[in-house]
Amino acid sequence: MLNQKQAEGTAIPFSFTSTEFLSKPYPFYDKLRSVHPICWGSLLKNPGWYVTGYDEVLMILKDSRFKNRIPLPQSTKKYEELKNIQNDMVLFKNQPDHMRLRRLISNGFTSNAVEYFRPYIREAVLDLLDCIKKRNRVDLVSEYAFPLASLIIANILGVPAEERKQFKELAASLIQTVDFTRSREGLRTGNDSMIKASAYFNKLIEMRVLNPKDDLITLLSKEVTDGGKLTREELLSTCILLVIAGHETTVNLISNSILTLLQHPEQLIKLKEEPELINVAVEEFLRYESPTQMTARIASDDIELEQTTIKKGEHVYLFLGAANRDPNKFNHPHLLDITRNPNPHLAFGYGPHFCLGASLARIEAQVAIQELLQQLPNFRLATDDWQWRKLIGFRSLKELYIVFD
Ligand code: HEM
């Protein structure tokens, strides 16, 4: 049986916020996994178990003894708004509240419900490309992926188009509060953003109650009745969670996929020649540069796992990006193969908290990549100097400039 000291993974010298780690985390994940797929580390604010093996991550995601909870201490008084809103998010709930909330929200995100959006997504993509084609140099993050993701989630929720602009800053400020790099300053601005977001959505919810429309806020607000299935606070938290999830991760999937393709010209040519590969290719992009790199749980009991005892109350950090590059699960895991099939990656998580927006994110990425390849056949990187945002849980480009003739 390994004890904590024997499994000490942080004997490997690295920092989660170093440029080296941010630009290429995979060699570090490999080193950690080679010490042990579940090893003890103290590089994050709360020490805990760093899980980098595929089977181990999967086992924990399936095991209800590992609980979700908000990343902030419950005792905090400083970030009250942030804490209260996060406490009511489905992402951080445990059973039975989790299932109750998830059932309600998932009505808006079934494969059929989001397939309905495919023509609208294509139309939005073509409009964006029409504007882009008038130029010869653009940042695909801020001028393509972001406006697309923003338009779609705002449409699903029922946010009027002219009010969407505020979400860019909001989503960026709130993502910091759930990432393990969060600083006091980040939490302070996140708390302020949460106050603004709450005021905005409270008003919008009231308007939809008085004047129902064909959108998700109207649908969910019908469940908020005395003794109903959803509390008013949960509805507010759901709106804010969907704004963050809908903006941050999908933008990263689209941008990371395009960068990955440009770094693998032979795969880019293959996808141009065989566009029908797009669905399989998007799964490989999700595996290869997973937009969500890490999630966390807390042990509700002493739990024995793979010769390791995880004690009650200990933190467990699940490196999805590492699991998706585990050689015990994937042949040549560091090789990009857009025909890889089957591809049982964990980019959307697994089990009870499996991503509710997976179908939507997949469609957005498939359409955005396919149309870009068709409409701008000779696009290329404008510079080799791109940078990743300082986030551990998310793989997110600051910008991605391309040029084309
Ligand atoms: C490429 C894009 C996306 C990725 C990689 C992604 C990834 C994930 C992951 C890994 C989880 C599970 C977290 C955990 O178990 O701790 C999750 C949960 C969730 N995602 Fe996504 N997501 C994406 C897009 C979206 C979109 C577009 C939406 C909605 C508009 C969304 C909504 C949610 C929600 C509501 C949950 C919580 C589900 C629950 O707790 O039951 N996601 N996502």
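Modeller: Helices are DSSP runs of H or I with at least four residues, and strands are runs of E with at least two, both numbered from the N terminus. This is a predicted model, in which local features need pLDDT of at least 70 and side-chain atom pairs count only at pLDDT 80 or more, whereas totals for chains, interfaces and linings use all residues. Residues are numbered from 1 along each chain as its sequence is written, and side-chain values use heavy atoms, with hydrogens and water left out.

Colleague: Which helix supplies the largest share of the shell around the ligand?

Modeller: That is α12, with seven residues. At least two residues of the shell come from each of α5 (97–106), α12 and β5 (294–299).

Colleague: What makes a residue count as near the ligand, and which ones come nearest?

Modeller: One of its heavy atoms must lie within 4 Å of the molecule. There are 27 residues around the ligand, and His-98, Arg-102, Thr-295, His-353 and Cys-355 come nearest.

Colleague: Why is Cys-355 called a donor to the iron atom of the ligand?

Modeller: Donors are N, O and S atoms within 2.8 Å of the metal (3.2 Å for Na, K and Ca). The SG atom of Cys-355 is 2.3 Å away, so it qualifies, and it is the single donor from the protein. Water is not among the atoms, so the site may look incomplete. Cys-355 itself sits in the loop between α15 (320–323) and α16 (358–375).

Colleague: What makes the approach of Arg-102 to the ligand a polar contact?

Modeller: The term requires a pair of N or O atoms within 3.5 Å; within protein, one must be able to donate a hydrogen and the other to accept it, and residues adjacent in sequence count only if both atoms are side-chain atoms. An N or O atom in the side chain of Arg-102 is 2.6 Å from an oxygen atom of the ligand, so the pair qualifies. For Thr-295, a polar side-chain atom lies 2.6 Å from a ligand oxygen, and for His-353 the distance is also 2.6 Å.

Colleague: Why do β1 and β2 count as paired?

Modeller: Two strands pair if DSSP finds at least two bridges between them. β1 (residues 38–41) and β2 (residues 48–51) have four, in the antiparallel sense, so they pair. Cys-39 stands opposite Tyr-50, and a hairpin of six residues joins the two strands. Tyr-50 in turn faces Tyr-317 in β8 (residues 315–319), which runs parallel to β2 over four bridges.

Colleague: What is the order of the open sheet, and what makes a strand an edge strand?

Modeller: The five strands follow β1-β2-β8-β5-β3, with mixed pairing. β1 and β3 (66–67) are the edges, each pairing on one side only.

Colleague: How do you know which residues form the largest nonpolar core?

Modeller: Such a core joins buried Ala, Val, Leu, Ile, Met, Phe, Trp, Tyr and Cys residues through side-chain atoms within 4.5 Å; buried means under 20% relative accessible area, exposed over 50%, partly exposed in between (1.4 Å probe, protein chains only). The largest has 97 residues, of which Phe-201, Ile-240, Leu-271 and Ile-369 touch the most other members. Helix α12 (residues 232–263) gives its largest share, 15 residues. Apart from it lies another core of 20 residues, including Trp-40 and Tyr-54.
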